[in-house]
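Reader: I have a two-chain model open and should like to go through it with you. Could we begin with a detail of the backbone and then move on to how the parts pack?

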Amino acid sequence: MSESAREKVKPIVLRNTETNDEYVLEFNKDSVRFAEDRGFRLVDLDNFPATKIPEFFFYAFRMHHKNVQRNKTDKMLEEDLGGMSPKFLQRLVELYNEPLNELVVDEGEVKNPKMEIEL
Amino acid sequence: MTYSEIFEINCPIYMAYGMTYEEYWFSAPGRAKAYREAYKLKVKAKEAEMWRQGLYILDALNVSIYNNLNFSGKHRTPQKYIEKPLEVVAKSKAEQRIEAEQERQKAVESLKAWGNALRRKYNGDRDIRPRIEN
């Protein structure tokens, strides 16, 4: 997909129906750096989902809600959301990749490619 | 290489594009791309400006050489440096209409003057316009 055609991934919005608290989950370069400084790597999500998914969820709050504590996000994930669905996780991964993707310069499609891609 | 390392490497590049340090690290994704695209446009505009400057210099040299170095010794009408800057920004439709109208007026005036000159030359002050006889 060409650079101009790539759509921006929308942030995830969590809304508590009882308290009306709203949380926007998104990543910027600083929050990705924050996660990596604490040893987080995206590949670990597959290898250690039980520990890395809650950690990943916590980092997603860093950009818009810096003061939210880890125990609060763990509780939210465990009790309020009942875990993380694959779709939710996929969107978080896409959001995590966004700061990097915006730096990738697509020089356009190769003319007369020798191979076609079918997804 | 981690994402953070890539971000660190790119930070000064994007700051050269005009982004502040805070914008680069703390803004939502998307802004960096806008800065990169804007920088491309700036470079393009700068190149066009330099190319135009080359044209001005070329014209100045041509005029200067033509006017000052006359090897044939014959009298020549001196050349003039371009009278107004080259137009870069495309004219709006309204401007184009006004200019076309001015050109038309000029052509009408010149035709009238030409007609008057002809009349004076061949017929004195008599009106030579064709008349329809009843």
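**A hairpin, its loop and the helices around it**

Author: In the hairpin of β1(A) and β2(A), six residues lie between the strands, and among them Asn20(A) adopts a positive phi near 65 degrees. Please bear in mind that this is a predicted model.

Reader: What is notable about a positive phi of about 65 degrees at Asn20(A)?

Author: Most residues other than glycine have a negative phi. Asn20(A) has a positive phi of about 65 degrees although it is not a glycine.

Reader: Is Asn20(A) buried or exposed?

Author: Asn20(A) is exposed, because only 7 other C-beta atoms lie within 10 Å, and a residue counts as exposed at 12 or fewer. Its place is the loop between β1 and β2 of chain A.

Reader: How do strands β1 and β2 of chain A pair?

Author: Strand β1 (residues 12–15) and strand β2 (residues 22–25) of chain A pair in the antiparallel sense, over four bridges. Within this pairing, Val13(A) stands opposite Val24(A) in β2(A).

Reader: And what is the secondary structure of chain A as a whole?

Author: Chain A has five helices and two strands. From the N terminus on, the order is β-β-α-α-α-α-α. Of its 119 residues, 19% count as buried. Among contacts in chain A between residues at least 6 apart in sequence, 64% join residues at least 24 apart.

Reader: Which residues of helix α3 of chain A are buried?

Author: Helix α3 (residues 49–59) of chain A has Phe56(A), Phe57(A), Phe58(A) and Tyr59(A) as its buried residues. What covers them includes α1, α2 (44–47), α4 (70–80) and α5 (86–101) of chain A.

Reader: Let us take α4(A), then. At what angle do α3(A) and α4(A) pack?

Author: The angle between α3(A) and α4(A) is about 115 degrees, and their axes are 9 Å apart. The crossing of α3(A) past α4(A) is right-handed.

Reader: Which residues meet there, between α3(A) and α4(A)?

Author: From α3(A) there are Pro54(A), Phe57(A) and Phe58(A), which meet Arg70(A), Thr73(A), Asp74(A) and Leu77(A) of α4(A). By class, the residues of this contact are four nonpolar, one polar and two charged. Phe57(A) and Phe58(A) also appear among the buried residues of α3(A).

Reader: Turning to the other chain: how many helices and strands are there in chain B?

Author: Chain B has four helices and zero strands, so to speak in the order α-α-α-α from the N terminus on. Of the 134 residues of chain B, 5% count as buried.

Reader: Why does Met19(B) count as buried?

Author: Met19(B) is buried because 21 other C-beta atoms lie within 10 Å, and the cut-off is 20 or more. Met19(B) sits in the loop between α1 and α2 of chain B.

Reader: Which residues does Met19(B) touch?

Author: Leaving aside residues up to four places away in sequence, Met19(B) touches Tyr14(B), Tyr24(B), Ala32(B) and Tyr35(B). Met19(B) and Ala32(B) are 13 residues apart along the chain, and their C-alpha atoms are separated by 7.5 Å.

Reader: Now the interface. How many residues of chain B are in contact with chain A?

Author: 15 residues of chain B are in contact with 13 residues of chain A. On the side of chain B that touches chain A, the elements giving two or more residues are α1 (3–16), α2 (21–26) and α3 (31–68) of chain B. The largest share, five residues, comes from α1(B). This side of chain B divides into nine nonpolar residues, five polar and one charged.

Reader: How does α1(B) pack with helix α1 of chain A?

Author: Helix α1 (residues 29–37) of chain A and α1(B) pack at an angle of about 135 degrees, with their axes 9 Å apart. The two helices, α1(A) and α1(B), are therefore oblique to each other. The crossing of α1(A) past α1(B) is left-handed.

Reader: Which residues of α1(A) and α1(B) meet?

Author: Lys29(A), Val32(A), Arg33(A) and Glu36(A) in α1(A) meet Tyr3(B), Ser4(B) and Phe7(B) in α1(B). By class, this contact has three nonpolar, one polar and three charged residues.

Terms used:
Residues are numbered from 1 along each chain as its sequence is written. Chains are lettered from A and ligands numbered from 1 in the order in which they are written. This is a predicted model: local features need pLDDT of at least 70, side-chain atom pairs count only at pLDDT 80 or more; totals for chains, interfaces and linings use all residues. Two residues are in contact if their C-beta atoms, placed from the backbone, lie within 7 Å. Ala, Val, Leu, Ile, Met, Phe, Trp, Tyr, Cys and Pro count as nonpolar, Asp, Glu, Lys and Arg as charged, and the others, Gly among them, as polar. Two strands pair if DSSP finds at least two bridges between them. Axes are lines fitted to C-alpha atoms, for helices over the stretch in contact, and angles run from 0 to 180 degrees between N-to-C directions. Angles under 35 degrees count as roughly parallel, over 145 as roughly antiparallel, 65 to 115 as roughly perpendicular and the rest as oblique. A crossing is left-handed if the near helix is turned anticlockwise from the far one by less than a right angle, and right-handed if clockwise.
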